[in-house]
Amino acid sequence: MGAKTTAQTTQECIRKLGWEILPHPPYSPDLAPSDFHMFGPLKVALRGKKFGSNEEVKIQVQMWLRQQPKEFYTRGIRKLEERWDECVSVGGDYVEK
């Protein structure tokens, strides 16, 4: 059997933490955690930089992710939880940011 995928490793970690895995539609822009949590700050961090290759971009993104404090990721999870609550309270309708 091959190596675990990122998704498998993530799901295993979530189970170990005792978190409930909620069903998620394949495309839900109002609930996508990375869209509202990471991309904005990452965009600011990379603004104005020039890259000579995809590998350079990858390295810079990985460095940026490693430099973020634990609280950055904790806030992102909490925001997602709040968005889920909003979505449930409106019966699954679109949630404005």
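What is the relative accessible area of Tyr 73? In this predicted model, the value for Tyr 73 is 29%, so this residue counts as partly exposed. The views below show where Tyr 73 fits in, beginning with the whole protein.

**View A. The whole protein is built from five helices and zero strands.** If you read along the sequence, you get the pattern α-α-α-α-α. The protein has 97 residues, and 18% of them count as buried. Its accessible surface adds up to about 7,900 Å², and carbon and sulfur atoms own 58% of that. Now look at contacts between residues at least 6 apart in sequence: 54% of them join residues at least 24 apart.

**View B. Trp 64, Phe 72 and Tyr 73 make up one aromatic cluster.** How many aromatic pairs are there? The count is two. In one of them, the ring centres of Trp 64 and Phe 72 sit 5.5 Å apart and the ring planes meet at 85°, so the pair is edge-to-face. In the other, Phe 72 pairs with Tyr 73: here the centres are 5.2 Å apart and the planes are at 85°, which makes this pair edge-to-face too. Why do these angles earn that name? Because planes over 60 degrees apart count as edge-to-face.

**View C. Buried or exposed: how do the residues of the cluster sit?** Trp 64 and Phe 72 are both buried. For Phe 72, the relative accessible area is 6%, and the cut-off for buried is under 20%, so Phe 72 gets that label. Tyr 73, with its 29%, is partly exposed instead.

**View D. Lys 4, Glu 12 and Lys 16 are linked in a network of salt bridges.** Side chains of opposite charge can pair when their charged atoms come close. How many salt bridges does the structure hold? It holds two. Glu 12 takes part in one with Lys 4, where the closest N and O atoms are 2.3 Å apart. Glu 12 also meets Lys 16, with 3.4 Å from N to O.

**View E. Lys 16 and Glu 12 share helix α1 (residues 6-17).** Why are they separated by about one helical turn? Because these residues are four apart in that helix. As for accessibility, Lys 16 comes in at 67%, so Lys 16 counts as exposed. Lys 4 has 51% relative accessibility, and since exposed means over 50%, Lys 4 earns that label as well. Glu 12, at 28%, counts as partly exposed.

**View F. Leu 17, Trp 19 and Ile 77 form a nonpolar patch on the surface.** How much accessible area do these residues have together? The total is about 290 Å². Ile 77 sits in helix α5, which covers residues 70-89. With 37% relative accessibility, Ile 77 counts as partly exposed.

Note on methods. Residues are numbered from 1 along each chain as its sequence is written. This is a predicted model: local features need pLDDT of at least 70, side-chain atom pairs count only at pLDDT 80 or more; totals for chains, interfaces and linings use all residues. Side-chain values use heavy atoms; hydrogens and water are left out. Rings of Phe, Tyr and Trp (its six-membered ring) pair if their centres lie within 6.5 Å; planes under 30 degrees apart count as stacked, over 60 as edge-to-face and the rest as tilted. Buried means under 20% relative accessible area, exposed over 50%, partly exposed in between (1.4 Å probe, protein chains only). Helices (H or I, at least four residues) and strands (E, at least two) are DSSP runs, numbered from the N terminus. Contact means heavy atoms within 4.5 Å. Accessible areas come from the Shrake-Rupley method with a 1.4 Å probe; for residues, only the protein chains shown count as cover. A salt bridge is a side-chain nitrogen of Lys or Arg within 4 Å of a carboxyl oxygen of Asp or Glu. Patches are made of residues with over 30% relative accessible area and no salt bridge: like charges are joined within 9 Å, nonpolar side chains (Val, Leu, Ile, Met, Phe, Trp, Tyr) within 5 Å.
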